[in-house]
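User: Please take a close look at one part of this model, the packing of helices and strands. I would like the contacts and the geometry, with each cut-off stated.

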Amino acid sequence: MVRQVLNFGLKGGAVALDNKVVNRSTLLGDAVITIKARILAVDDNIQNVELLEGLLSSRGYEVIKAYNGLEALQKLEENDIDVVLLDVLMPKMDGYETCRRIKSRSESRLLPVIMLTALDSIEDKIKGIEAGADDFITKPFQKPELLARVKSFERLKGLLDELENAQNVLYSLASALDYNDPYTHGHSKRVSEFSVRLATHIGMDTAGVEAIRNAGVLHDIGKIATDKGILHKPGALNAIEYKHVKDHPVVGEQICKPLKFARPLLPIIRHHHEKYDGTGYPDGLVGEDIPLGARIMAIVDVYDALTSVRPYRSDIPPEVALEVMKAEAIKGYWDKDLLNAFCEVLRKDGYTI
Ligand SMILES: [Fe+2]
């Protein structure tokens, strides 16, 4: 019934944490502090809410109360909730619509919602499942059953939070890498945004576009292991230095590999420096053997590099960069169809390419 929050060297004064003010001595005294799991109880019947509050708070939970769907959504905005107990029949907004809205928001789509209902027909359950409910408890509820379900979903929420934290750490590392390099400042974000536009323009499906978006942010994460003196060298690299830089796609793949969410991104990260004629790295793949996402990223990555300042040259205007890339496509470096599609995307921004 508690959430654990790691404390890395917090100092001084009381600290706001998860909307609660935690006393400094608690934080300084322990490397790990504990916070009660927070349950949102939603029911238009005040007595039912009080019953839930009494039961759950006696077991160590913190209970946030709401008396209709709209109020529940408001409380979700204001509090970090672990499990929602949601009545179905309520004024203003019923439980189905409330559940649908909770599950349609990216920040709460994984939040467990248990519907409390006196309705137990199959049709009502199907309606709840379609709205995204994770479980049902029939009213009047049995206390042991309700507590067991809440505990089980609280544990699930804790695991999901850990996964999300791992993803956020990786994203923070990528943006720190970008931020600390004056020559690639904002590069990953731009590559992500332009790649999404190109992928959408050619009609890629939603899952593919999402993989492109994330891979764009993380494609150069392997450079964390690259010698910064070599990365910022204001001249041509020697063979040993170039070989070292060329390790970054494989290193990036290795960094992301343990994370399940990153699986669809791995081929894009590994192959974003392949060239259409097989002269790229790390595997020298040829033509359509190079994953589509990686071919998209290769084009956008080179375009952004050309139009940005580098230690050894100033930035190149977009029109000139595209001419350079068209010449390279004739040589065989890039997927010509994709490069043409990318020109169409840039024309929408007013470039005469
Ligand atoms: Fe790269």
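Analyst:
**Helix and strand packing**

On the α3 side of this helix pair, Gly69, Ala72, Leu73 and Leu76 meet Gly95, Glu97, Thr98, Arg101 and Ile102 of α4. A contact here requires C-beta atoms, placed from the backbone, to lie within 7 Å. Helices (H or I, at least four residues) and strands (E, at least two) are DSSP runs, numbered from the N terminus. The model is predicted, with local features taken at pLDDT of at least 70 and side-chain atom pairs at pLDDT 80 or more, while totals for chains, interfaces and linings use all residues. Residue numbers start from 1 along each chain as its sequence is written.

By class, the contact of α3 with α4 has 4 nonpolar, 3 polar and 2 charged residues. In this scheme Ala, Val, Leu, Ile, Met, Phe, Trp, Tyr, Cys and Pro are nonpolar, Asp, Glu, Lys and Arg are charged, and the others, Gly among them, are polar. The axes of α3 (residues 69-78) and α4 (residues 95-104) come within 9 Å and cross at roughly 25 degrees. Axes are lines fitted to C-alpha atoms, for helices over the stretch in contact, and angles run from 0 to 180 degrees between N-to-C directions. The two helices are therefore roughly parallel to each other; angles under 35 degrees get this label, those over 145 count as roughly antiparallel, 65 to 115 as roughly perpendicular and the rest as oblique. The crossing of α3 and α4 is right-handed, meaning the near helix is turned clockwise from the far one by less than a right angle, where anticlockwise would be left-handed.

Helix α4 also lies across β7 and β8, running at about 155 degrees to β7. In the loop between β7 and α4 sits Lys92, which has a positive phi of about 70 degrees although it is not a glycine.

Strands β7 and β8 belong to an open sheet of 5 strands with parallel pairing, in the order β6-β5-β7-β8-β9. The edge strands are β6 and β9 (135-138), each with a single partner strand, so one side of each has no neighbour in the sheet. From one strand to the next, the twist averages 20 degrees. Pairing between two strands requires that DSSP finds at least two bridges between them.

Going along the sheet from β6, strand β5 (residues 38-42) runs parallel to β6 (residues 62-66), and 5 bridges join them. One pair of bridge partners is Arg38 with Glu62 of β6. Between β5 and β6 the chain passes through helix α2 (residues 46-58), a right-handed β-α-β crossover. Right-handed here means that, with the strands pointing away from the viewer, the path from the first strand over the helix to the second runs clockwise.

Strands β7 (residues 83-87) and β8 (residues 113-117) are parallel, joined by 4 bridges, with Val84 opposite Val113 in β8. The pairing of β8 with β9 is parallel as well, over 4 bridges, and there Thr117 stands opposite Thr138 of β9. Helix α5 (residues 122-131) completes a right-handed β-α-β unit with β8 and β9. Beyond the edge strand, Pro140 lies in the loop between β9 and α6 (143-179), and the peptide bond joining Lys139 to Pro140 is cis, with omega about -5 degrees.

Other helix pairs involve α13. The axes of helix α8 (residues 206-218) and α13 (residues 292-306) come within 10 Å and cross at roughly 45 degrees. That angle makes α8 oblique to α13. The crossing is right-handed. Its contact residues are Gly208, Ala211, Ile212, Ala215 and Gly216 of α8, with Gly293, Ile296 and Met297 of α13. By class, this contact has 5 nonpolar, 3 polar and no charged residues.

Helix α13 also packs against α15 (residues 336-347), with the axes 10 Å apart and an angle of about 55 degrees. The helices α13 and α15 are therefore oblique to each other, and their crossing is right-handed. Here Arg295, Ile296 and Ile299 of α13 meet Leu338, Leu339 and Phe342 of α15. The classes are 5 nonpolar, no polar and 1 charged. The loop between α12 (266-271) and α13 contains Pro282, where the peptide bond from Tyr281 is cis, with omega near 10 degrees.

Note on methods
Two residues are in contact if their C-beta atoms, placed from the backbone, lie within 7 Å.
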